[in-house]
Amino acid sequence: MNSFPLPSVLFTFNEVTKITPELHPVNSWILTTTNDDTTVLILDYVQNSKVLEFSVTMLEEEKKDLSLLQKSMDKVKGEKIGQIKCVKFFDQHTRNSRTKKADCMQTFDNRDNINEAFNGVIILAEYRVLMIDYNTHKIQEIKMSAFEGKTPTCVDFFGGNQSLLAFGGLDGWVRIWDLESCEVVKILSGAHSVKNGGIKCMLSYEEEASGKSTLISAGLDGQLVEWDIESGNPKILVKHADSIINLTYNPQLGFLTCITSDRLLIVWDIFNRNEVFKRSCGKYSFASVHVLSHPSFTTCLLVCKKDGSAAHLVELLKKSDPKKKEIKKESLVDFVDLTLILPSKKDKSKFYETVLHPLNSTLILCVTNRGLVLVGMERLAQPKIAIARVPSVKAWTAFTCDMPNDNIVATDLLGNPSSLNTVLKAPTGESLRTKDLSVSNTGEFLAVVYEEKYRVYSTANWQVLD
């Protein structure tokens with residue numbers, strides 16, 4: 001594995017959370033809870049401040065003294081909310097980030113005006129489902145009667161302008177809730193087993209060809225299921241004997257990654273419809289795993305051991321390699337070491353999990369027993385690179401600058417037999433240095449910017465178009 005730059009600490013927050021926090025795709029926000037899971041926080045890691053603080057046990061007198069909230073917030077009435085199990089950003093930016101046109105290198109400084117649609121936070125708690133608006137701080141509630149009294153275990157949403165939310169439950173059903181009509185408009189069933197505990201987690205993505213939204217659910221029954229939202233038909237992608245306990249998705253590469261309770265790590269390629277990677281974790285228990293799309297780690301997994309003090313990189317080997325059956329100690333490369341970031345003589349720093357920024361591949365949020373740590377890697381210091389799925393070969397391709405000749409080399413990320421291996425020569429004549437590379441969202445065009453001119457290539461035949 002090649003050497004890589006050490007990450008730098010950008011932000012720390014010493015409140016411990018028991019749930020998975022989120023990074024906002026555009027604003028410099030972190031959504032999390034306090035250690036008692038009764039207060040929801042939005043933290044600004046650039047301004048080092050709190051944007052929103054909402055306590056489910058907050059009294060009216062306390063709200064008046066809270067300077068963070070300029071407007072009054074509705075009081076949560078009725079039965080207790082219970083322990084918060086999941087929080088999610090739900091606004092125009094998070095919805096747009098789910099579309100296939102989302103830019104994997106979009107900057108978080110781009111803050112557009114928020115439209116009239118709901119823009120806020122979803123809170124999934126033990127007894128209640130609440131939605132808090134960013135601007136008005138008004139609270140909407142989805143009644144538990146919509147779920148037939150069965151508390152949802154997870155929630156997700158769809159890209160674009162869709163007003164639909166998907167709730168997974170212990171009964172193995174997915175209920176689609178329409179925010180406009182305020183009712184369940186569809187129930188997806190017939191895939192997950194009720195006996196084995198129902199649905200653990202879900203995520204959605206937009207299909208590359210049709211632009212249609214698709215939902216993925218992972219169950220405690222060991223099944224990874226793909227749902228067609230329009231027809232309601234399920235398709236089982238992975239069927240395993242033990243529960244799936246963690247599910248992540250890399251939208252740039254189209255890779256689903258899951259961990260099973262019997263320590264099996266599986267990577268599934270959504271676009272090519274095949275299994276990319278399957279390894280036993282051996283003696284290790286991983287709490288989270290991600291496929292990285294950072295320029296330096298295009299073929300790496302970021303893994304985090306339960307209660308370990310370091311997050312590691314593991315090379316994403318080809319499935320066909322028969323010699324690699326499990327992940328061993330020599331396969332792990334230390335990446336983020338908490339003993340260096342959070343040194344302490346009293347309490348040992350331990351990882352709970354890692355969270356990747358949905359669009360900015362240089363940001364990684366570390367969830368630890370001593371709070372949150374946001375680390376970053378300077379993108380400008382990396383070799384010039386562009387990544388896209390090239391339609392002509394149906395493969396994810398990395399375009400890199402080969403120094404000192406300034407040739408552009410195109411290679412398949414996973415080294416498949418049908419890989420695209422092409423070298424684009426620098427313009428003849430003057431000695432020109434490559435300043436930047438950019439590839440279109442469709443993967444059909446590659447732009448190379450030199451000091452004195454630029455070229456646009458077609459990735460189908462490598463002819464110069466401009």
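These are my notebook entries on what I looked up in this structure, which is a predicted model.

**Entry 1. Overall composition**

I began with the secondary structure and recorded three helices and 35 strands in the protein. I then looked up burial: of the 466 residues, 53% are buried. For the surface, I noted an exposed area of about 21700 Å², of which carbon and sulfur atoms supply 47%. I also looked up the sequence range of the contacts. Among contacts with a separation of 6 or more, 49% join residues that are 24 or more positions apart.

**Entry 2. Internal space**

I next turned to empty space. Rolling a probe the size of a water molecule over the atoms shows where such space is left. How many cavities of 30 Å³ or more does a search of the whole structure find? I recorded one, and the largest cavity holds about 30 Å³ of space.

I listed its lining in sequence order: Phe-147, Lys-150, Thr-151, Pro-152, Phe-167, Gly-168, Gly-169, Leu-170, Asp-171 and Arg-175. By residue class, the lining divides into four nonpolar, three polar and three charged residues. Which element gives the largest share of this lining? I found that strand β11 (residues 164-169) does, with three residues.

**Entry 3. Aromatic rings**

A search of the whole structure gave me seven aromatic pairs. One of them joins Tyr-284 and Phe-286, with 6.1 Å from centre to centre and 20° between the planes. I entered this pair as stacked, because planes under 30 degrees apart count as such. I checked burial for both partners: Tyr-284 is buried, and Phe-286 is buried too. I also noted an aromatic cluster formed by Trp-29, Phe-89 and Tyr-134.

**Entry 4. Thr-32**

I looked up Thr-32 and placed it in strand β3 (residues 29-33). Is Thr-32 buried or exposed? Its relative accessible area is 1%, so I entered Thr-32 as buried, the limit being under 20%. I then collected its contacts, leaving aside neighbours within four places in sequence. Thr-32 touches Thr-17 and Pro-21, then Thr-39, Val-40, Leu-41 and Leu-43, and also Leu-372.

**Entry 5. Arg-455**

I located Arg-455 in strand β35 (residues 454-458). Its relative accessible area is 24%. I therefore entered Arg-455 as partly exposed, since that class lies between 20% and 50%. I also looked up its distance to Leu-465: the two residues are 10 apart in sequence, and their C-alpha atoms are 7.4 Å apart in space.

**Entry 6. Positive phi outside glycine**

Finally, I examined two backbone angles. Arg-273 is not a glycine, yet its phi is positive, at about 60°. I found Arg-273 in the loop between β20 (264-269) and β21 (274-280). At 32% relative accessibility, Arg-273 counts as partly exposed.

Where does Asp-307 lie? I placed Asp-307 in the loop between β23 (300-305) and β24 (310-315). Its phi is also positive, near 60°, in a residue other than glycine. Asp-307 has a relative accessible area of 46% and is partly exposed, because the exposed class requires over 50%.

Definitions and conventions: Residues are numbered from 1 along each chain as its sequence is written. This is a predicted model: local features need pLDDT of at least 70, side-chain atom pairs count only at pLDDT 80 or more; totals for chains, interfaces and linings use all residues. Side-chain values use heavy atoms; hydrogens and water are left out. On a 1 Å grid over the protein atoms alone, a cavity is a set of points where a 1.4 Å probe fits but cannot get out, and a pocket is an open set with protein on both sides within 12 Å along at least five of seven lines; lining residues have an atom within 4 Å of a point. Grid points are joined across faces, edges and corners, and a volume is the space filled by probe spheres set on the points. Helices (H or I, at least four residues) and strands (E, at least two) are DSSP runs, numbered from the N terminus. Ala, Val, Leu, Ile, Met, Phe, Trp, Tyr, Cys and Pro count as nonpolar, Asp, Glu, Lys and Arg as charged, and the others, Gly among them, as polar. Buried means under 20% relative accessible area, exposed over 50%, partly exposed in between (1.4 Å probe, protein chains only). Contact means heavy atoms within 4.5 Å. Accessible areas come from the Shrake-Rupley method with a 1.4 Å probe; for residues, only the protein chains shown count as cover. Rings of Phe, Tyr and Trp (its six-membered ring) pair if their centres lie within 6.5 Å; planes under 30 degrees apart count as stacked, over 60 as edge-to-face and the rest as tilted.
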